[in-house]
Amino acid sequence: MTRQLRFALATRCLGQELKPGLLLASRMGVGGVQLDARNEIRPAELSETGRRQFTHLLADIGLQLASLDFPIRRPLWDAERLDARIAALKQTMEFAYELKARVVTVRLGGLPGESDAAGKTLFLDVVNDLARHGNHVGVTLAVGSGREPATRLAESLKAVTAGPIGVNFDPAGSVMAGASPSEAFQQLREFVAHVTVRDAIAGADDGGSEVPVGRGEVPWDELLFLLQDSDYQGWLSVDRTQGSDRAGDAARAVQYLQSIFRG
């Protein structure tokens, strides 16, 4: 039997406080939400009782927590403030488990250069450490695919042996990198643990730009078929990071994807 795809919404694009954002997301017809673990819901600000209350709130609304996202400004493996970044990510992974989510997404920020031996070693040490912790707490870290070449990213992640590691697949990033989203997914499919739903158009000089879902160059009908065909079990989280009507664009994206999915 073909697995049903699960759609979620990154509530930060709604421009609402947390509870109103959750209620609005539920009215948009998604089954889950992605929350920002630095700007919407922080581990340090939610007690054990508060965490239980929050999971009950989600259940009452009819939503699941698809994932937590941990925004960072520097590359994941950048040496500056690395220890603090890793400690905060580990705390977020534990927090996600307590809130009944099993995926934490984080921006990768690029890969070490082909000739950067020290960078490659640091990258592998960092990702192995996080994969080991994820294995311990029961949460998969999904690194953003961004504009990194899919073949290089897959090759780099195959060297991770300390625990499971995932990819947060962003087809818009593939478009802006001048690559085929469908081919990139095929190259990364064994690692894909989460999908960020964004669209984009390629640009010759600036690398392209994000546009509303359905108006860009991501072949959504083909990509949804590939996800189903690969028995993808994770969430597809709609996000809109630009534009003057982010909430409206997100709502229309949900409708667009569901119309394709339902044929």
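In the predicted model, strand β2, helix α2 and strand β3 form a β-α-β unit of right-handed sense. Strand β2 covers residues 32-36, helix α2 covers residues 48-61, and strand β3 covers residues 64-70. The two strands of this unit, β2 and β3, are paired in parallel through five bridges. One residue pair in this arrangement is Gln 34 with Ser 67, the latter lying in β3.

Strand β3 also takes part in a second unit. Together with helix α3 (residues 82-98) and strand β4, β3 makes a right-handed β-α-β unit. Strand β4 spans residues 103-106, and its pairing with β3 is parallel, with three bridges. Here Asp 69 has Thr 105 of β4 as its bridge partner. Strand β3 thus pairs with β2 and with β4. Most of β3 is covered, six of its seven residues being buried.

A further right-handed β-α-β unit is made by strand β5, helix α5 and strand β6. Strand β5 consists of residues 140-144, helix α5 of residues 150-158, and strand β6 of residues 166-169. Strands β5 and β6 run parallel and are joined by three bridges. Within this pairing, Val 143 is matched with Val 167 of β6. Strand β6 is also paired in the parallel sense with strand β7 (residues 192-197), again over three bridges. In that case the bridge partner of Asn 168 is His 194, a residue of β7.

The side chains of a regular strand alternate between the two faces of the sheet. In β6, Gly 166 and Asn 168 point one way, whereas Val 167 and Phe 169 point the other way. All four of these residues are buried.

Turning to the chain as a whole, nine helices and ten strands are found. The radius of gyration is 18 Å, close to the 18 Å given by the globule rule for 263 residues, so the chain is as compact as a globular protein of that length. The C-alpha trace spans about 50 × 45 × 40 Å along its principal axes. Of the 263 residues, 52% count as buried. Among contacts in the chain with a separation of 6 or more, 74% are between residues 24 or more positions apart. The accessible surface of the chain amounts to about 12,300 Å², and carbon and sulfur atoms account for 45% of this area.

Methods:
Residues numbered from 1 in each chain as written. Predicted model: local features only at pLDDT ≥ 70, side-chain atom pairs only at ≥ 80, totals over all residues. Heavy atoms only, no water. Buried < 20%, exposed > 50% of the residue type's maximum accessible area, 1.4 Å probe, protein only. Helix = DSSP H or I, 4+ residues; strand = E, 2+ residues; numbered from the N terminus. Pairing = 2+ DSSP bridges. Right-handed = clockwise from strand over helix to strand, strands pointing away. Rg over C-alpha atoms; globule rule 2.2 N^0.38 Å. Contact = heavy atoms within 4.5 Å. Areas by Shrake-Rupley, 256 points an atom, 1.4 Å probe, with all protein chains shown as cover.
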